[in-house]
Amino acid sequence: MPIPEFIVDIRKKIGHDLLWLPGVTGLVVDDAQRVLLVRRADDLRWTLVTGCLDPGEQPAAGIVREILEETGVTARAERVLAVDVTSQHTHPNGDETVFLDVGFVCAPTGGSARVNDDESVDVGWFPIAELPALPERHEKYVRRYLDGIETTWFAEA
């Protein structure tokens with residue numbers, strides 16, 4: 001997976017030290033209550049669509065871009081689902097990251113689901129009641145959606 005050039009530039013200065021990054025996650029749900037998932041190339045786990053924002057990029061625009069880049073599906077961000085901080089992660093190359101993540105509920109507007117870049121090995125629509133195992137944070141996003149909670153979730157401590 002290509003590392004964004006702005007991160008490459010920062011890494012030249014700070015090495016593998018912890019880097020705080022802006023991220024986005026998209027819970028894309030179609031009219032048939034199916035969820036768009038990607039199977040990541042790095043760990044083969046099914047996940048919601050995620051990504052890193054470019055410098056100055058608005059979060060809603062960023063998740064729409066990520067959905068298209070990763071899946072070939074065009075989408076519209078409908079509302080903020082959650083604002084969350086991920087746990088610290090050590091990448092295979094030793095880089096340390098933590099993401100401030102904005103999760104969105106999104107609606108597809110066109111395109112067809114397919115592997116559209118090298119970040120995924122599979123892409124597909126899954127009935128919301130039959131989702132494969134997802135990362136815990138993503139499962140929480142799905143539960144909030146299913147519970148009909150429309151207020152934005154955020155941790156207070």
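1. A residue is called buried when its relative accessible area is under 20%, exposed when that area is over 50%, and partly exposed in between. This note applies those terms to the structure above, which is a predicted model. Lysine 140, for instance, has a relative accessible area of 42%, so it is partly exposed.

2. Lysine 140 has a charged partner. Its side chain meets that of glutamate 136 in a salt bridge, with 3.7 Å from N to O. Glutamate 136 has a relative accessibility of 57% and therefore counts as exposed. Both residues belong to helix α3, which covers residues 136-146; they are four residues apart there, which means a separation of about one helical turn. As a general point, side chains of opposite charge can pair when their charged atoms come close.

3. Salt bridges that share partners also occur in this model: they join Asp54, Glu57, Arg65, Glu66 and Glu69 into one network. The count of salt bridges comes to twelve.

4. A pair within a helix is also found in α1, which covers residues 5-14. Aspartate 9 and lysine 12 form a salt bridge there, at 3.9 Å from N to O. These two residues are three apart in helix α1, so about one helical turn separates them. Where does each stand on the scale of exposure, buried, partly exposed or exposed? Aspartate 9, at 34% relative accessibility, is partly exposed, whereas lysine 12, at 65%, is exposed.

5. Arginine 76 and glutamate 78 make a further salt bridge, and their closest N and O atoms are 2.8 Å apart. Arginine 76 is partly exposed, with a relative accessible area of 43%. Glutamate 78 is likewise partly exposed, at 47% relative accessibility.

6. The surface also carries a nonpolar patch. Its members are Trp20, Val83, Val85, Leu100, Trp153 and Phe154, and together they have about 560 Å² of accessible area. Two elements, β5 (73-85) and β9 (153-154), give two or more residues to this patch. Valine 83 is a useful example for the reader to locate. It lies in strand β5, and its relative accessible area of 32% makes it partly exposed. A residue needs over 30% relative accessible area to be part of a patch, and valine 83 has 32%.

7. How many disulfides does the model contain? The count comes to zero. The reason can be followed from the sulfur positions. A disulfide requires two cysteine sulfur atoms within 2.5 Å. The sulfur of cysteine 52 has its closest cysteine sulfur in cysteine 106, at 17 Å, and this is too far for a bond. The converse also holds: for cysteine 106, the closest cysteine sulfur is that of cysteine 52, again at 17 Å. Cysteine 52 is buried, at 13% relative accessibility, and cysteine 106 is buried as well, at 1%.

8. The final point concerns the largest pocket, which has a volume of about 1,600 Å³. Its lining consists of 47 residues, and those nearest its centre are Arg40, Thr50, His89, His91 and Phe99. Several elements each supply at least two residues of this lining, among them α1, β1 (19-28), β2 (34-40), α2 (59-71) and β7 (96-111). Which element gives the largest share of the lining? That element is α3, with six residues. Helix α3 thus appears twice in this note: it contributes to the pocket lining, and it holds the salt bridge partners glutamate 136 and lysine 140.

Terms used
Residues are numbered from 1 along each chain as its sequence is written. This is a predicted model: local features need pLDDT of at least 70, side-chain atom pairs count only at pLDDT 80 or more; totals for chains, interfaces and linings use all residues. Side-chain values use heavy atoms; hydrogens and water are left out. A salt bridge is a side-chain nitrogen of Lys or Arg within 4 Å of a carboxyl oxygen of Asp or Glu. Buried means under 20% relative accessible area, exposed over 50%, partly exposed in between (1.4 Å probe, protein chains only). Patches are made of residues with over 30% relative accessible area and no salt bridge: like charges are joined within 9 Å, nonpolar side chains (Val, Leu, Ile, Met, Phe, Trp, Tyr) within 5 Å. Accessible areas come from the Shrake-Rupley method with a 1.4 Å probe; for residues, only the protein chains shown count as cover. On a 1 Å grid over the protein atoms alone, a cavity is a set of points where a 1.4 Å probe fits but cannot get out, and a pocket is an open set with protein on both sides within 12 Å along at least five of seven lines; lining residues have an atom within 4 Å of a point. Grid points are joined across faces, edges and corners, and a volume is the space filled by probe spheres set on the points.
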